Amino acid sequence: MAQENIIAALDIGTTKITALVGEMDDAGGIYVIGHGTAPSEGLRRGIVIDMERTVKSIRKAIEDAQMVSGTEIDGVTVGIAGEHIRSINSHGVVAVNRSDNEITSADVNRAIDAARTVAIPVDREIIHVIPQQYSVDEQGGIKDPVGMTGVRLEVEAHIVTASVTSARNIYRALERCHLEVNHMVLEALAQSSSLLTEHDMENGVVVVDLGGDITNIAVFYEGAIRHTAVVSLGGKNVTNDIAIGLRTPVASAENLKIQSGAAMSLVVDPEEMISVPTADGSQGKEVSRNVLSSIIEPRMEEILSLVQREIKRANVGDLLAGGMVLSGGGSLLTGTRDLAEQIFDMPVRLGRGDRVEHTPEEIADSRYATAHGLLIYGFNHDPVGEKSSMKVKGMLKRFENWITRKL
Ligand SMILES: Nc1ncnc2c1ncn2[C@@H]1O[C@H](COP(=O)(O)OP(=O)(O)OP(=O)(O)O)[C@@H](O)[C@H]1O
Ligand SMILES: [Mg+2]
């Protein structure tokens, strides 16, 4: 297969950094042919606070993905998220150029450019300008105006901005790893391509990504992203509560949460006992699973209630016929879906990165939805053959991968 069909994606999360190498076949199917994950140590709430450690983690994830795929990565589609992300709605108007008044894609691009000229503070940079709908001579609600006739074309666009410092630190970290940025993509937008169907986006859906330091919220309806928000709490807060509540080291608290934790104490057997290690490594005490869950539950309730407050603030509650999709590592906690259904009183489902069918089982869960989404975004926005970000090391290695995939 030609090397132009291969691209790489990088998710710089607050707990882990994941690199994926994907290959697209002639039928448009995406195969993940290499992946690497390294613990993320230089980030806080989505922002690089320790460049050296961030660079080290990125290098490790990239090296592993290169080794598994037998490719050399020199460019990535990278995600961006965090408290510094803002989104605003803007409006652009242009006169249609052609004398016969037929609207061309050049008119559409000019309208989008006009929407982009909204005043943005100097410390912010535009990450995305996402057209929501067009109007032609006052007739609104148009999805694609190309080929229609009119004299005045208007666009309503959703503009996503990031703090210049945060975006630059990502560029700088990647530069230090000798990686080009093919696209910088809002994580929530990337996730939509791995978690949502077109039907979901039309019906109206809210994606809640329960990550390590932060919880990202993104609202989609009428086919486009309409609203984004961030709650500055995540799975790490839950782990810290357990560490404090049960007087156990953070690493043990993390294990207890993953193995025995639950977001609702109702769903666990109160008789079941678990062993809690102590800081000095001595034989730990026994507590019931119920006690563990009763530490987790109020924090999960707090996180989800703050999400609910953001949804209310966005005034989109009536537009979410498709309900809620939970994503991120926090969604894997037992009982999280049930708790969310109770709080939001809407259908809630757990997202998986289902849209990339050919991916190793160990990275097929919602922790990797962002990385998979970035890969899909990269393929959609970097048409095959236009730009290659990879160099294939050897045909033999590629052949080996191909064989492994067929097994
Ligand atoms: N099986 C599990 N059960 C409960 N919690 C889990 C499980 N697996 C992961 N987590 C939690 O999910 C969180 C990490 O989620 P994720 O991997 O989506 O974060 P991230 O992408 O690194 O961070 P962010 O998106 O905030 O930048 C951690 O707090 C971790 O404890
Ligand atoms: Mg994440």
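**Note on the second pocket and the ligand 1 site**

1. About 720 Å³ of space lies in the second largest pocket of this predicted model. For your bookkeeping, a pocket here is an open set of points on a 1 Å grid over the protein atoms alone, with protein on both sides within 12 Å along at least five of seven lines. Its volume is the space filled by probe spheres (1.4 Å) set on the points.

2. Lining this pocket are 25 residues (each with an atom within 4 Å of a point), and L189, S192, M201, G223 and A224 lie nearest its centre. At least two lining residues come from each of β9 (124-136), α4 (187-195), α5 (198-203), β15 (224-231) and α10 (369-381), with β9 giving the largest share, five residues. Helices (H or I, at least four residues) and strands (E, at least two) are DSSP runs.

3. By class, the pocket lining holds 12 nonpolar, eight polar and five charged residues. Gly counts as polar, and Asp, Glu, Lys and Arg as charged.

4. Now to ligand 1: its shell has 20 residues, the closest being T14, T15, E254, K257 and G329, where a shell residue has a heavy atom within 4 Å. Five of the shell residues are nonpolar, nine polar and six charged.

5. Which backbones meet oxygen atoms of ligand 1? Polar backbone atoms of T14 and of G329 each sit 2.8 Å from a ligand oxygen, and for a backbone N or O atom of K236 the distance is 3.4 Å. The cut-off for such a polar contact is 3.5 Å between N or O atoms. The protein buries 92% of the 660 Å² that ligand 1 exposes when taken alone (Shrake-Rupley, 1.4 Å probe).

6. α6 (235-245) and α7 (250-260) are the elements giving two or more residues to the ligand shell; α7 provides the largest share, three. Domain 1 (3-74 + 354-406) and domain 3 (195-351) each contribute at least three, with bounds from an automatic or database assignment.

7. On conventions, residues are numbered from 1 along each chain, and chains are lettered from A and ligands numbered from 1 as written. Local features need pLDDT of at least 70 and side-chain atom pairs 80 or more, while totals for chains, interfaces and linings use all residues, and side-chain values use heavy atoms, without hydrogens and water.

Methods:
A polar contact is a pair of N or O atoms within 3.5 Å; within protein, one must be able to donate a hydrogen and the other to accept it, and residues adjacent in sequence count only if both atoms are side-chain atoms.
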